[in-house]
Amino acid sequence: MTESWFTSLLVFMKATVEIDDELYRRVKAAAALRGRKVKDLVAEGLRTVLRSSHTGLRTRRIQLPIVKSKKPGTLRLSNEMVAEAEARLDTGHES
């Protein structure tokens, strides 16, 4: 029987980021208060932003009916009509 061992390598990327002086001083102070390195605090902040970007995506609720009908249940809508109604909702023109 042959056994295979797989190892994973941690690869770190260096990046240059421009941060204004005041923000950097605040980050450096916050890192010092937490007993951490600036790079670790920045990485934690980036992870937080990326994690929240999935849950923080703007969602909009569509109120039905999108197109009002004088005879509910009998309205035939084409894809173009639905797209037009959605475009009006996006621009705030709901009439």
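This is a short tour of a predicted model, moving from a surface patch through the salt bridges to the largest pocket.

**Stop one: a nonpolar patch**

Start by selecting V17, I19, L23 and Y24, and switch on a surface view. These residues make up a nonpolar patch on the outside, and together they offer about 340 Å² of accessible area. Now pick V17 alone: you will find this residue in the segment that comes before helix α1, which spans 21–34. Is V17 buried or exposed? V17 is exposed, because its relative accessible area is 61%, and the cut-off for that class is over 50%.

**Stop two: the salt bridges**

How many salt bridges should you look for? The count is three, and we can visit them in turn.

Select R25 and E22. They form a salt bridge in which the closest N and O atoms are 3.4 Å apart. Both partners sit in helix α1, where three residues, or about one turn of the helix, separate them. Color E22 by accessibility and you should see a partly exposed residue, with a relative accessible area of 42%.

Next, select E44 and R36. Their side chains meet in a salt bridge with an N to O distance of 2.2 Å. Here E44 is partly exposed at 36% relative accessible area, and R36 also counts as partly exposed, at 34%.

Finally, move to helix α3, residues 79–91, and select E84 and R88. Their side chains form a salt bridge at 3.1 Å, N to O. Because E84 and R88 are four residues apart in this helix, about one helical turn lies between them. E84 is partly exposed, with a relative accessible area of 48%, while R88, at 29%, is partly exposed too.

**Stop three: the largest pocket**

Now turn on your pocket display. The largest pocket holds about 650 Å³ of space. To center your view, select M13, A15, K39, V42 and A43: of the 15 residues that line this pocket, these lie nearest its centre.

Which helix gives the largest share of the lining? Helix α2 does, with seven residues. Both α1 and α2, the latter covering 38–55, supply at least two lining residues each.

To finish, color the lining of the largest pocket by residue class. You will find 11 nonpolar residues and four charged ones, with no polar residues in the lining. If you wonder how such spaces are found, rolling a probe the size of a water molecule over the atoms shows where empty space is left.

Key:
Residues are numbered from 1 along each chain as its sequence is written. This is a predicted model: local features need pLDDT of at least 70, side-chain atom pairs count only at pLDDT 80 or more; totals for chains, interfaces and linings use all residues. Side-chain values use heavy atoms; hydrogens and water are left out. Patches are made of residues with over 30% relative accessible area and no salt bridge: like charges are joined within 9 Å, nonpolar side chains (Val, Leu, Ile, Met, Phe, Trp, Tyr) within 5 Å. Accessible areas come from the Shrake-Rupley method with a 1.4 Å probe; for residues, only the protein chains shown count as cover. A salt bridge is a side-chain nitrogen of Lys or Arg within 4 Å of a carboxyl oxygen of Asp or Glu. Buried means under 20% relative accessible area, exposed over 50%, partly exposed in between (1.4 Å probe, protein chains only). On a 1 Å grid over the protein atoms alone, a cavity is a set of points where a 1.4 Å probe fits but cannot get out, and a pocket is an open set with protein on both sides within 12 Å along at least five of seven lines; lining residues have an atom within 4 Å of a point. Grid points are joined across faces, edges and corners, and a volume is the space filled by probe spheres set on the points. Ala, Val, Leu, Ile, Met, Phe, Trp, Tyr, Cys and Pro count as nonpolar, Asp, Glu, Lys and Arg as charged, and the others, Gly among them, as polar.
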